[in-house]
Amino acid sequence: MTDPHIPLSIVIPCKDDWAVVDCVASIPDGFPVAIVFNGCADGFPEAVLARIRRDGVGHRVLGEANLSLALETGIWMAPGDRVLLMDADCVFAPGAVEAAAAAMDGGKTLDEVFKGRVLFRDDGGLRSRLVARSRQHHTAEVLTAYKPPLALDRRIAARIGGYLFDRRLVWREDADLDHRIRQAGIAIRPVEGCLIHHEPLEIASDLRSTFRYGVGEALADALGKTLTDVPRSVLSTLRSQGVLPALYMLFRNRVYTAGYLWTKLRLLTNADPIIDEDPRRVPPRS
């Protein structure tokens, strides 16, 4: 049993990003934090924790780099049922966490999830602006149950298959969660005032992630999963963000397709067999 009076917990998966220190620093006092390090270099978790100056931070270290497993682990290690999912390379705007907590206090937590807004920063350069505007279009202009920031009551797992994130689906985990939430009739509620800022991304980093998203779609096909898609057509990007972001999206979509086809080929040759396991299994709570 969890204590119903425990406040909203912040869950942060982290592989090797020092920005997690700033992320934690942006969380107001009084809100528990669960960091799940996954696939980190030896000594990295200890070095990060030494830089964090606040109480109420729990952590777990996983040997494999697996975002879905890290999220599921963090959700179930949190001290209370209400969790706010965050990324290590983002920071909360003032009042954001409190706004999410208030929305959950006034909402129907077993019938709703609560979605904040993300703004993508750029570093002033053209390439960084292209990535920021592309990301803004395909992840932030349509209301979804994609994290970050996404607040939910983990007890909704009982309505969506018994789990929130499937460790077999290492990428596109948000799209899988969103689809199952919608299929269960759970509403997605926007939260005014819950705003986060994403640190600037370079093109190489964005395209690396894009390739992995294509990998995730191929894995979802193999697992028989349906994913919720987000706007990423050249035409919709042109209408929303202009010519240069649309041209970048054209190239970005080719990289996505490359990741998809590469994984399809590896699955056909059994180079990357799908692990046959129950997605409801996570490491025991400490």
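# Notebook: a greasy patch, some helix pairs and salt bridges

I started at the surface, where α9 gives the nonpolar patch its largest share, four residues. A reminder to myself before going on: this is a predicted model.

**Entry 1, the patch.** I listed the members of this nonpolar surface patch: L126, L235, L238, V243, L244, L247 and L250. Together they make an area of about 630 Å². Two elements, α8 (234-241) and α9 (243-268), each give two or more residues to the patch. I then picked out V243, which sits in helix α9. Is V243 buried or exposed? Its relative accessibility is 54%, so V243 counts as exposed, since the cut-off for that word is over 50%.

**Entry 2, α8 beside α9.** Both helices had come up in the patch, so I looked at how they pack. I kept a simple rule in mind: two packed helices are described by the angle between their axes and the distance between the axes. For α8 and α9, the axes come within 7 Å and cross at roughly 155°. That makes the two helices roughly antiparallel, because angles over 145 degrees get that label. I also noted that α8 and α9 cross in a right-handed way.

**Entry 3, α7 beside α9.** Next I turned to α7, another partner of α9. How far apart are the axes of α7 and α9, and at what angle do they pack? I found 7 Å for the distance and about 45° for the angle. The two helices are therefore oblique to each other. The crossing of α7 with α9 is right-handed.

**Entry 4, a bridge between α7 and α9.** I checked side chains on these two helices and found a salt bridge between D206 and R252. Their closest N and O atoms are 3.0 Å apart. D206 belongs to helix α7 and R252 to helix α9, so to speak two distant parts of the chain, 46 residues apart, are linked here. Both D206 and R252 are buried.

**Entry 5, more salt bridges.** How many salt bridges are there by this rule? I noted 20.

Methods. Residues numbered from 1 in each chain as written. Predicted model: local features only at pLDDT ≥ 70, side-chain atom pairs only at ≥ 80, totals over all residues. Heavy atoms only, no water. Patch = residues over 30% accessible without salt bridge, like charges linked within 9 Å, V, L, I, M, F, W, Y side chains within 5 Å. Areas by Shrake-Rupley, 256 points an atom, 1.4 Å probe, with all protein chains shown as cover. Buried < 20%, exposed > 50% of the residue type's maximum accessible area, 1.4 Å probe, protein only. Axes fitted to C-alpha atoms, helices over the stretch in contact; angles between N-to-C directions. Parallel < 35°, antiparallel > 145°, perpendicular 65-115°, else oblique. Left-handed = near helix turned anticlockwise from the far one by under 90°.
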